[in-house]
Amino acid sequence: MKMLLVRKFRVLILMVFLVACTMHIMIDLLPRLERRGPPAPRPGCSCPPPAAAPPRSAPRWPGKHTLRILQDFSAEPASNLSSQSREAAERAAGGGGGGGGGGGGDGGGGGTAAGRGRRLIAPGPPRPPPPAAAAPLAALFQHPLYRAARPPLADGDRLFNVNSDIRFNPRAAEQPEWQNEDNEEFLPTGETSIDSYPNWLKFHIGINRYELYSRHNPAIEALLQDLATQKITSVAMKSGGTQLKLIMTFQNYGQALFKPMKQTREQETPPDFFYFSDYERHNAEIAAFHLDRILDFRRVPPVAGRLVNMTREIRDVTRDKKLWRTFFISPANNICFYGECSYYCSTEHALCGKPDQIEGSLAAFLPDLSLAKRKTWRNPWRRSYHKRKKAEWEVDPDYCEEVKQTPPYDSGTRILDIMDMTVFDFLMGNMDRHHYETFEKFGNETFIIHLDNGRGFGKYSHDELSILVPLNQCCRIRKSTYLRLQLLAKEEYKLSLLMKESLLKDKIAPILYQPHLEAMDRRLRIVLKAVSDCIEKDGYDNVVENDFNPDVNTGTTER
């Protein structure tokens, strides 16, 4: 009896296997049979059958191995991006192609299919775009003030010395340090190793004594694209700080700081809010990067906006249990979380998606502190961060004289860097500049990094004149900065129009509410008036510092 049951069980398994194989074969053959078989006549129709199409060779159906390769390729983020762009271009051109097909003798469907075949198999030369006037932003960057060459770089002026013969090893990026002594990977002859680096690494190795990135570095635009599209592989909360920030790691081992959206574009900071209790705005971080670039400072790391799926790209990839435990579903069936921080991290201040999509800014990380140490400096014009007390500079009109006698402000260009930062903050309305950082390798002869700009662009109806106190007290400014500010006040290079054009490139545009753009033009005139008053009081040569290299032609193009 037992043996009989075993035999019946084996026969049953065999039958199931044969049925599965038969179904698999039928599924594979069905597409071919559908293509070869003539169309069935519709019931009740006496129409003659359609004319036979001219014989053609049947297209080759991709095999399983080919399908596997295509699936692997389509899983790459860059591939998805290009596919989406291509599909968008197809849709944009579909109206014209369809109209042409309809006007011909062939049917609409056949004409469209033929058009698609021609585009994919034998694309013709692209049509030249119609001639158009140069965009204001492109014209600005062609102006001689934006083409002045930087001083030539000496041996110690680069943040990193790069061995151009070594290929970037992704496995080494997971380690605290790069270990290349035993794992050197050399590229085939004819390839440039730096081209194999991810864009975040190209950004890092381009940092030097004078700038975070050069004016025409193609890696910066590519890095902005990466920040908006790269697959997020892990998420963790950033320690410290008053509000929630997340550290996001990408598939290419790059990292960025994510600040989620807390306010809409048109919301102003309430007048009764203290500057130190204001929200940090994600769009302010994005706008600050673009403003810094238009001012030609290039001291803000690249920042891009992104629409993040809170479920798939945060909750499901985080290993931070403290963060994971704060996720919940709101009464409106939206996904929310609040994390842990000093302020605004509670159920009442939760960040909620629609239903699980949330905007945010992603700022590219600077090189790790173990590789490039940074020094943190207290801003001499730091505010008191107290509800009743005032800082010394707010009550002492001669405070700048004391600052100029204190290192590192008693020599070099640091005091001029502070003036640049003052102008930058005033245009944004940012009162929260308590510290700043520099790269330790370059000592005191280097630029100030403009980090943490989230409290800018909070008020468009109010100009905070106290931000300009350093400029009014010291009456010093770089000649290059002064000339660029005068240029941006002209109608053909209007700051608000340039900012609007630049911000439209971001994935979550529009970034700024129109009154914020108009406020920048108004504040720019206030800055120029302050400099003009200083010149009238102290003389041009005592106020405007000539920072142009006399040995360098300011009209030449920088490499």
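**Note on the predicted model**

1. Asn333 is located in the loop that runs between strand S5 (328–329) and strand S6 (335–337). The coordinates discussed here belong to a predicted model, and that should be kept in mind for each point below. The phi angle of Asn333 is near 65°, which is a positive value in a residue other than glycine. With a relative accessibility of 59%, Asn333 counts as exposed, because the cut-off for that class is over 50%.

2. A positive phi is also found at Tyr385, where the angle is about 55° although the residue is not a glycine. Tyr385 belongs to the loop between strand S9 (374–378) and helix H12 (392–395). A further positive phi, of about 75°, occurs at Tyr253, in the turn of the hairpin that S2 and S3 form with 4 residues between them.

3. The sheet that contains this hairpin deserves a fuller description. It is an open sheet of 5 strands, in the order S1-S2-S3-S8-S4, and its pairing is antiparallel. The edge strands are strand S1 (232–237) and S4, each of which pairs on one side only. On average, and with direction ignored, neighbouring strands of this sheet are turned by 35° against each other.

4. Within that sheet, which partners does strand S3 have, and how many bridges join S3 to S2 and to S8? On one side, strand S2 (residues 246–250) runs antiparallel to S3 and is joined to S3 by 4 bridges; in this pairing, Thr249 stands opposite Gln255 of S3. S3 also pairs in the antiparallel sense with strand S8 (residues 357–364), over 5 bridges. Two of the residue pairs in this second pairing can be named: Lys259 stands opposite Ser361 in S8, and the bridge partner of Phe258 in S8 is Leu362.

5. Is strand S3 largely enclosed or largely open? Of the 6 residues of S3 (residues 255–260), 5 are buried, so the strand is largely enclosed by the rest of the structure. When side chains are examined along such an element, it helps to recall that in a regular strand they alternate between the two faces of the sheet.

6. Helix H8 (residues 218–229) lies across S2, S3, S4 and S8, and runs at about 20° to S4. Pro218 lies in this helix and is exposed, with a relative accessible area of 65%. In sequence Pro218 is 15 residues apart from Phe203, while the C-alpha to C-alpha separation of the two in space is 9.6 Å.

7. Arg298 is found in the loop between helix H9 (282–294) and strand S4 (303–309). Is this arginine, Arg298, buried or exposed? Its relative accessibility is 7%, and Arg298 therefore counts as buried, since the limit for that class is under 20%. The side chain of Arg298 makes a polar contact with the side chain of Asp296, at 3.2 Å. Leaving aside neighbours within four places in sequence, Arg298 is in contact with Glu211, Leu212, Tyr213, Ser214, Arg215 and Asp292.

8. Two packed helices are described by the angle between their axes and the distance between the axes. For helix H16 (residues 479–488) and helix H18 (residues 514–538), which pack against each other, the angle is about 135° and the axes are 10 Å apart. H16 and H18 are therefore oblique to each other, because an angle would have to be over 145 degrees to count as roughly antiparallel. The crossing in which H16 passes H18 is left-handed. On the H16 side the contact is made by Tyr482, Leu485, Gln486 and Leu488, and on the H18 side by Leu524, Val527, Leu528, Val531 and Ile535.

9. Finally, there are cis peptide bonds to check when the backbone is inspected. One joins Lys354 and Pro355, with omega at about -15°, and Pro355 lies in the loop between strand S7 (351–352) and S8. Another is the peptide bond from Pro407 to Pro408, which is cis with omega near 0°; Pro408 has its place in the loop between helix H13 (399–403) and helix H14 (414–428).

Definitions and conventions
Residues are numbered from 1 along each chain as its sequence is written. This is a predicted model: local features need pLDDT of at least 70, side-chain atom pairs count only at pLDDT 80 or more; totals for chains, interfaces and linings use all residues. Side-chain values use heavy atoms; hydrogens and water are left out. Buried means under 20% relative accessible area, exposed over 50%, partly exposed in between (1.4 Å probe, protein chains only). A polar contact is a pair of N or O atoms within 3.5 Å; within protein, one must be able to donate a hydrogen and the other to accept it, and residues adjacent in sequence count only if both atoms are side-chain atoms. Contact means heavy atoms within 4.5 Å. Two strands pair if DSSP finds at least two bridges between them. Axes are lines fitted to C-alpha atoms, for helices over the stretch in contact, and angles run from 0 to 180 degrees between N-to-C directions. Angles under 35 degrees count as roughly parallel, over 145 as roughly antiparallel, 65 to 115 as roughly perpendicular and the rest as oblique. A crossing is left-handed if the near helix is turned anticlockwise from the far one by less than a right angle, and right-handed if clockwise.
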